[in-house]
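Me: Please take a close look at the aromatic side chains in this model and at their surroundings. I should like one connected account that proceeds from the rings to the elements around them.

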Amino acid sequence: MLSIQVINPPEKFPFKDAVKNMWTVIYFDDAGPGRTRLRIVGLGFGTDEDSQKLRGFFDKGNAYTLKKLQETFAGKGGKNTPGG
């Protein structure tokens with residue numbers, strides 16, 4: 001498990017106040033020989049508009065990151081993709 005929290009957002013980050021309350025937990029789970037299940041969970045989002053926009057921002061970014069990780073490791077070891 002890895003936990004991440006933004007301490008100093010970039011100067012022009014659009015959700016500076018909302019990001020102060022959120023954090024991300026990344027879970028690495030054994031998925032069998034040569035396989036790892038990676039799960040990203042965002043926590044601390046409020047119900048206000050900026051928090052919900054921030055959540056969408058991270059949902060898209062995390063999906064992109066997971067896709068790129070899967071593409072990078074696909075075929076390495078032969079068992080990193082479904083059916084692989």
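Reply: Phe13 and Phe15 are both buried (under 20% relative accessible area; over 50% is exposed and in between is partly exposed, with a 1.4 Å probe and protein chains only). The model is predicted: local features need pLDDT of at least 70 and side-chain atom pairs pLDDT 80 or more, whereas totals for chains, interfaces and linings use all residues. Residues are numbered from 1 along each chain as its sequence is written, and side-chain values use heavy atoms, with hydrogens and water left out.

Aromatic pairs are rings of Phe, Tyr or Trp (its six-membered ring) with centres within 6.5 Å; planes under 30 degrees apart are stacked, over 60 edge-to-face, and the rest tilted. Four aromatic pairs are found by this rule. Phe13 and Phe15 form an edge-to-face pair, because their ring centres are 5.9 Å apart and their planes stand at 85 degrees. Phe13 also pairs edge-to-face with Phe57, at 5.4 Å centre to centre and with 80 degrees between the planes. This second pair links distant parts of the chain: Phe13 belongs to the loop between S1 and H1 and Phe57 to helix H2, 44 residues apart. (Helices are DSSP runs of H or I with at least four residues, strands are runs of E with at least two, and both are numbered from the N terminus.)

The two partners differ in exposure. Phe13 is buried because its relative accessible area is 15%, whereas Phe57 has 42% and therefore counts as partly exposed. Together with Phe15 and Phe58, these two residues form one aromatic cluster.

The surroundings of the cluster are as follows. Phe13, Phe15 and Phe58 also belong to the largest nonpolar core, which has eight residues in all and further includes Ala18, Val19, Met22, Phe45 and Leu54 (a core being a set of buried Ala, Val, Leu, Ile, Met, Phe, Trp, Tyr and Cys residues joined through side-chain atoms within 4.5 Å). H1 and H2 are the elements that give two or more residues to this core. In soluble globular proteins, nonpolar side chains tend to be buried together. Within the core, Met22 is in contact (heavy atoms within 4.5 Å) with Phe45, Leu54 and Phe58, as well as with Gln5, Leu43 and Gly44, leaving aside neighbours within four places in sequence.

Phe57 and Phe58 lead to helix H2. H2 covers residues 49–73, 25 residues, and reaches 36 Å from first to last C-alpha, close to the 36 Å expected at 1.5 Å a residue (1.5 Å times one less than the number of residues). Its buried residues include Phe58 and Leu54, along with Ser51 and Asn62. An α-helix has 3.6 residues a turn, so residues three or four places apart point the same way. The buried residues of H2 pack against helix H1 (16–19) and strand S3 (36–43).

S3 leads on to the paired strands (pairing requires at least two DSSP bridges). S3 runs antiparallel to S2 and is joined to it by eight bridges. The two strands form a hairpin with five residues between them, and Gly32 in the turn has a positive phi of about 110 degrees. Asp29 faces Arg37 of S3, and Phe28 has Leu38 in S3 as its bridge partner. On the other side of the pairing list, S1 (residues 2–4) joins S2 (residues 23–30) in the antiparallel sense over three bridges, with Leu2 opposite Ile26.

Two further aromatic residues deserve attention here. Phe28 lies in S2 and counts as partly exposed because its relative accessibility is 48%. Phe28 touches Met1, Leu2, Thr36, Arg37 and Leu38, not counting residues up to four places away in sequence. Its C-alpha is separated by 8.4 Å from that of Leu2, 26 residues away along the chain. As for Tyr27, the charged end of Arg39 sits over its ring, 4.5 Å from the centre (NZ of Lys or CZ of Arg within 6 Å of the ring centre and within 35 degrees of the ring normal).

Finally, the chain as a whole has two helices and three strands, in the order β-α-β-β-α along the sequence. Buried residues make up 17% of its 84 residues.
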